[in-house]
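Subject: Structure handover and findings

Hello,

Here is the structure I said I would pass on. My notes on what was found in it follow below.

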Amino acid sequence: MSSADRLDFKANELLKDVQFDYSPEFTQLVNDTVSGIKASIDGIPEDSQITADVVPGFIRDIGADKVEFRFKKPSSIEIGGSYAMRCMVKPDITVDLFIRMPKECFHEKDYLNYRYHGKRCLYLGIIKKHLNLSSIADRVEWSYFQNEVRKPLLILYPAAKLAELPGFCMRIIPTVTSVFDVTKLSLQRNNIRALNEGDALQPTPKYNISILEDHCIEGTYEFIKKTFSGWKELGAALILLKVWARQRSSIYTHDGLNGFLISAIVAYLATKSGKNRFNSSMSAMQMFRVTMDFIATSKVWDSGLIFHPQGKSKVLTEEMKKAMSSFPVVMLDSSSGINFASRMTKNAFLELRSEAALALTCFNKCRDSGFDELFMSKLDFPAKYDYCIRLNLKGASKEYKTGFCLDDECWRLVEQEVLALMHEAFDDRAKFIRVLWRNTISGGSLESGVSMFDREPLFIGILAAAPEKALRVVDIGPNADNKDEAVKFRKFWGDKAELRRFKDGRIAESTVWVCKPWERHLIIKKISEHILGRHLSLSKENITTVADQLDFSLLYGAEDPIAFSASLMEAFDILSKRLRLLSDIPLKITSVQPLDPAFRHTSVFPPEPHPVAVEKGVNLKKKQLTSTCLQPLEVMIQLEGSGNWPKDDIALEKTKSAFLLKIGESLQNLWGMTCNATEEDVVVFTSGYAFSLRILHERGLRQAGSNQTRHVPSTDSSLYIRGQHSSMINGLQGLYPIFGPVVRLAKRWVAAHLFSSLLREEVVELLVAHLFLKPMPFCAPGSRITGLLRFLRLLSEYDWTFSPLIIDINGDLTPQDEKEINDNFMVNRKSNEEKPGIMSPSMFLATSYDKTSEAWTRLSPTTTELKRIAAYARSSASYLTKLISQDNFDSSRWECIFRTPLNNYDAVVLLHRDKLAYPQRLLFPSELNQGKHVVSGKPSKSFHPFLLPKGNLGKLKENLLVNFDPLKYFIGDLEKEFPNTFKVWYDSIGGDAVGLMWERLDSSKKRKRGDEETDEEEKDIMDVLKNVGSIGKGFVRSVHLLKAPKQQQPTK
């Protein structure tokens, strides 16, 4: 099956899932609800006097006068929208009901000064009052047409329910026909007398359009419905477009796309107006692609789109000029002169075109022509934008002082003002900035007025440019001799502006954002807080910039240990040079490569210089706490070629050990470097660091390079693969500086939830690498929190069962390589199916150096384990999304991302915190107040995690514990002692809790003796847990039993 065929197949399956089934039960519910609404409206007394008292707050706030009228029944009540076109899309099932207000309710000049809007709202208000008294409605709420406060509508939830449609509702939308002379509503006319500059009245195009569209909405829907009638594939294309748009919350907005505009664009392309770009032989996916291409590339947008509903071309040169001067995007109806896109802003339109262009890229570059990226991936604000800012503007905006509603609503004016400030502040630091205020939500009391619509936060999304631009420390402004521009610069930046002389001799205005190197990701936050505080008079408490809320998980106190990376690289350079200079060993060292994650900036806690790991001299008094444990950093070396190496594997390893001993001896003799030797490696101390030297034999290099890693001695195979991985990840870190911080947060999350034994560090690095190499439908992450969110979604949403994850870091995999990987994946899955009783690995990660996923995921995670990881990731992603977008939570809520529930384990072992190798890495002390307390233990006196500042350097080095971690040895002892009793879950970075989950017991091996057997089983469990405490004596604080093992029935 070709890629295009697979795309069509998946699209058809998607349509089956999202297309609404117009069942007789649903049709009956709609008809009954409409009949009930009609009956309720018929119950309103004819000619009853309607006054502002129905919705007093609304009338007061919009400043309308002369709004009293006598109620007349609607001229018509008709169903419209997607229901009538049979193009409704799950899961949001809403039916539009057009209620045409009679002409008798209005005066001929009610288009002035919001009188029409006032009467419109009052008409709905009296209907709402009677609907609430009727039996047809469960409840009736206020809502708003395209987020426009001055155009409310009603949402009715029927009292009758269908189990399969729990959220079904009807939107009651008022319309009019031939009430006003449309020439009075032309774009250049002023219909709000208070809007003037001196004696000159200002045009009110947006106000006029808001009235005019009520005149035209029924006719427009009729035209669109006629276009779709009988054309099944066109309706399917519309549904696909709606799914695509709804997944992109930043374009499916009040100032961007909506269901009506999508329908209008499709109708345009399907008719003579749009040159009949669709034809009856095209599939829905072909129409979708044509639409994406039209949105992204068509030049028609520059001159405006013109609809000809009557089928006749009508020259509208003057009308189009007026529309283009009043609105950034124009979709003009030639019969009515209304601009369908009057609410669309330039900012939203640019983003729409950008998303359409990305969709075309997905067609060409993504697997299965980008189906998952186009329709299944959720592009919400938190995942799309690198920096998200929420502003609490409740009662703070100066725009309110001029009135809530003039030509445009005050909330839209605030959006424009904030966007202008952000553009000027960030300039080329940002690729794109989006400002959105979804201030109208269903519900609320419109009767109290519109002042409540500032309760929701205003949202700013920033798509960061490359780090060298986005995170630069200095902004250079105009030269000192450019007085006018300098004054503007100082007025904008205030006290942050300063005159500086630069290295090239230039004297210019500038702003400097002072910060430590590891704090540069906070520059965006500092700029936004300064500018928004200065120009909008907002306190920092009302400005929430999502940037550093998770930094606490990577810090030692107030310092990020990544700050020591420079000293680590200096120490490695010294070691590397000295190794290459060695001349008294039989074979010259030709290559020295670091393998530890600290060298590629992906270690959660890269080591800081240890005062004891030096050649001479030590002063512990400068450091309050000096670790007893020192983790050596692995370094791989290669020797020049020789034919004298032994062929036997054991002899080969012995020869390597001899070489390492000689290397250590030479380093010690020549430079006084302290070396500790074992059969496996030599640990060298220099410049405050410990380096573990390992030798890669040329046979391993040669055979591994020929894709025969399975026949290479395990040590050489492992070293070669780790070398390849380290080199590639290091290169990726060079391309994307934000990669390292994202990996560190991801590793911290994995460890914090006790998954250290399931996902190796290399696995996490490859998963994050995929986010940068194949970011579609996003751009590559530009901030650490956005990167973590996408990592969590990848874990929880990727189709691990049926798809391999290919990570092509250097871009050197050919189509043949990918075919080979897919074949290997199918063989792997077939093998797993043939061994149903065996817990098989379920994550297939393929790279250029490992096309069979043997290196990192050969043994774990299993299917069950991966489901658990995905469930935790899904929960964390959902919570993180909420933290970013909705709630102004305090810091303790952010900590929950790394807090793991201990009650999900069968038994829990709590450890003495002060006996951990690195107690300062502990995020949250663990406590457990449930289950059965089995055993307690006192802390050991023989181990202390910190050195006492006593004795000379030699004595201190004797007390230094290299490559020792009590947790690692405790876990190893448990797995050795109880290999089939329980599964061990732990945090390798800095946790004080270990989770145990029982392996299922085979009940065929047990005698059925009722309560006696249960008691004996519980006794056995208690004995096991007591033994756990004994194994960890001095390290284990307490052991708790939460759940007894479940019996597994014998297979027949």
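At what angle do helix α1 (residues 3-18) and helix α7 (residues 232-246) pack? The angle between α1 and α7 is about 80°, and their axes are 11 Å apart. Angles of 65 to 115 degrees count as roughly perpendicular, so α1 and α7 are roughly perpendicular to each other. On the α1 side the residues that meet α7 are Ala11, Leu14, Leu15 and Val18. Their counterparts in α7 are Ala236, Ile239, Leu240 and Val243. Please keep in mind throughout that this is a predicted model.

Helices α24 and α25

A second helix pair is α24 and α25, which pack at an angle of about 105° with their axes 10 Å apart. These two helices are therefore roughly perpendicular to each other as well. From α24, the contact uses Val764, Leu767, Val768, His770 and Leu771. From α25, it uses Gly787, Arg790, Phe791, Leu794 and Leu795.

Helix α24 itself covers residues 761-773, which is 13 residues. From first C-alpha to last it reaches 18 Å, close to the 18 Å expected at 1.5 Å a residue. The helix is mostly covered, with 11 of its 13 residues buried. Among the buried residues are Glu762, Glu765 and His770, along with Val763, Val764 and Leu766. Besides α25 (784-797), the buried residues of α24 pack against α22 (714-735), α23 (739-752), β25 (805-806) and β26 (845-846).

Helix α9

Helix α9 holds 14 residues, 284-297, and should span 20 Å at 1.5 Å a residue. Its end C-alpha atoms are 20 Å apart, which agrees with that expectation. The buried residues of α9 are Ala284, Met285, Met287, Phe288, Thr291, Met292, Phe294, Ile295 and Ala296.

Salt bridges

Side chains of opposite charge can pair when their charged atoms come close. The whole structure contains 57 salt bridges. Three of them are described here.

The first pair is lysine 73 and glutamate 46, whose closest N and O atoms are 3.1 Å apart. Lysine 73 sits in the loop between β2 (69-70) and β3 (76-80), and glutamate 46 in the loop between α2 (24-42) and β1 (49-50), so this salt bridge ties together parts that are 27 residues apart in sequence. Lysine 73 is partly exposed at 28% relative accessibility. Glutamate 46 is also partly exposed, with a relative accessible area of 39%.

The next pair is arginine 139 and glutamate 141, again with 3.1 Å between the closest N and O atoms. Here arginine 139 is partly exposed, with a relative accessible area of 37%. Glutamate 141 has a relative accessible area of 19%. Buried means under 20%, so glutamate 141 counts as buried.

In the last pair, the side chains of glutamate 213 and arginine 343 meet at 2.4 Å, N to O. This pair links distant parts of the chain, 130 residues apart. Glutamate 213 belongs to helix α6 (residues 205-228), while arginine 343 is in the loop between β11 (331-333) and α12 (346-365). Glutamate 213 is buried at 12% relative accessibility, whereas arginine 343 is partly exposed at 22%. Both residues belong to a network of salt bridges that share partners, which also includes Arg120, Glu148, Arg150, Lys151 and Asp214.

Two single residues

Is threonine 33 buried or exposed? Threonine 33 is buried, with a relative accessible area of 1%. This residue is in helix α2. Its side chain reaches the backbone oxygen of leucine 29 at 2.7 Å. Leaving aside residues up to four places away in sequence, threonine 33 touches Ile136, Leu156, Pro158 and Met170.

Serine 591 lies in strand β19 (residues 589-594). With a relative accessible area of 23%, serine 591 is partly exposed. Not counting residues up to four places away in sequence, serine 591 touches Arg580, Met636, Ile637 and Gln638. Serine 591 and alanine 270 are 65 Å apart in space, C-alpha to C-alpha, and 321 residues apart in sequence.

Regards

Definitions and conventions. Residues are numbered from 1 along each chain as its sequence is written. This is a predicted model: local features need pLDDT of at least 70, side-chain atom pairs count only at pLDDT 80 or more; totals for chains, interfaces and linings use all residues. Side-chain values use heavy atoms; hydrogens and water are left out. Helices (H or I, at least four residues) and strands (E, at least two) are DSSP runs, numbered from the N terminus. The expected span of a helix is 1.5 Å times one less than its number of residues. Buried means under 20% relative accessible area, exposed over 50%, partly exposed in between (1.4 Å probe, protein chains only). A salt bridge is a side-chain nitrogen of Lys or Arg within 4 Å of a carboxyl oxygen of Asp or Glu. A polar contact is a pair of N or O atoms within 3.5 Å; within protein, one must be able to donate a hydrogen and the other to accept it, and residues adjacent in sequence count only if both atoms are side-chain atoms. Contact means heavy atoms within 4.5 Å. Axes are lines fitted to C-alpha atoms, for helices over the stretch in contact, and angles run from 0 to 180 degrees between N-to-C directions. Angles under 35 degrees count as roughly parallel, over 145 as roughly antiparallel, 65 to 115 as roughly perpendicular and the rest as oblique.
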